[in-house]
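Student: Let's go through this structure together. I want each label checked against its cut-off.

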Amino acid sequence: MRTVFFAAIVLAASSIAIAQQTEYYGWEGTATLLSMYPDSCVEATLVNDPVHGGSQSLELERLSDGTPQAYVAWIIGLTDGDEVTASFWRYDITPAAAPSCRIWAHWNDDPGDVNGYAGSASGNTEYGPGTGWDETSYTWTVIDGHTGLVIEARVYSNPGDIVWVDDMTVTAPTGTTIVFPGGLSLENTTWGDIKATF
Ligand SMILES: [Ca+2]
């Protein structure tokens, strides 16, 4: 996944004339999540069935009573007025009932810590048809001086509920950094390290 991340940087650096960049993540490697909140709120596993694309998807089993926030992408270097669109495919087969999955996000104004939190950024309130795979997406517009956004997959509504996620796409302005699971060695990485790679 490190290769994917550096490829993303090269792509970003080579497309300065283009306003937006789009990156893709399909859980085909070994990384599951960037982080989560609260701690131990989900069990995240890579599985071979069901799969939307490739040979693996992300399985999320809710462990906590509170709504789990599974961090699947992190966009750094945003400024007011920027637009970020994220989408992923989700799988559940219980129409109008749990388990269900939503795409959501929160602001994170600390570019050196994926666990930084600067308030909810809302998301797509639809739970989907619950008839197998469907794609959910949302577009966030940056306000109030926020500089980072963390995309979440949320699992509703009870401990033991399981959903699957696959084929994620994030579009953000050129010049920002899109981080996917496994894309950074977060515990050893500072914003200075990130800047130094450009
Ligand atoms: Ca996949």
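Student: Leaving aside neighbours within four places in sequence, which residues is Asp82 in contact with?

Tutor: Gly77, Trp140, Thr141, Val142, Pro173 and Thr176. Contact means heavy atoms within 4.5 Å. This is a predicted model: local features need pLDDT of at least 70, side-chain atom pairs count only at pLDDT 80 or more, and totals for chains, interfaces and linings use all residues. Residues are numbered from 1 along each chain as its sequence is written, and side-chain values use heavy atoms, with hydrogens and water left out.

Student: Why is Asp82 called buried?

Tutor: Its relative accessible area is 15%. Buried means under 20%, with a 1.4 Å probe and protein chains only, so Asp82 qualifies.

Student: What lies 2.9 Å from a polar atom of the Asp82 side chain?

Tutor: The backbone nitrogen of Thr79.

Student: Which atoms coordinate the calcium ion?

Tutor: Gly26 (O), Glu28 (OE), Gly53 (O), Gln56 (O), and Asp166 (OD) twice, at 2.2 to 2.8 Å. Donors are N, O and S atoms within 2.8 Å of the metal, or 3.2 Å for Na, K and Ca. Water is not among the atoms, so sites may look incomplete.

Student: What makes the calcium site irregular?

Tutor: Angles among its six donor atoms run from 49 to 158°. Six count as octahedral if opposite donors are over 155 degrees apart and all others between 65 and 115; 49° fits neither range, so the site is irregular.

Student: How many residues has the largest nonpolar core?

Tutor: It has 35. Such a core is a set of buried Ala, Val, Leu, Ile, Met, Phe, Trp, Tyr and Cys residues joined through side-chain atoms within 4.5 Å. Leu60 and Met168 are among those with the most contacts inside it.

Key. Buried < 20%, exposed > 50% of the residue type's maximum accessible area, 1.4 Å probe, protein only. Polar contact = N/O pair within 3.5 Å; in protein donor to acceptor, adjacent residues only side chain to side chain. Tetrahedral: all angles 85-135°; square planar, octahedral: opposite > 155°, others 65-115°.
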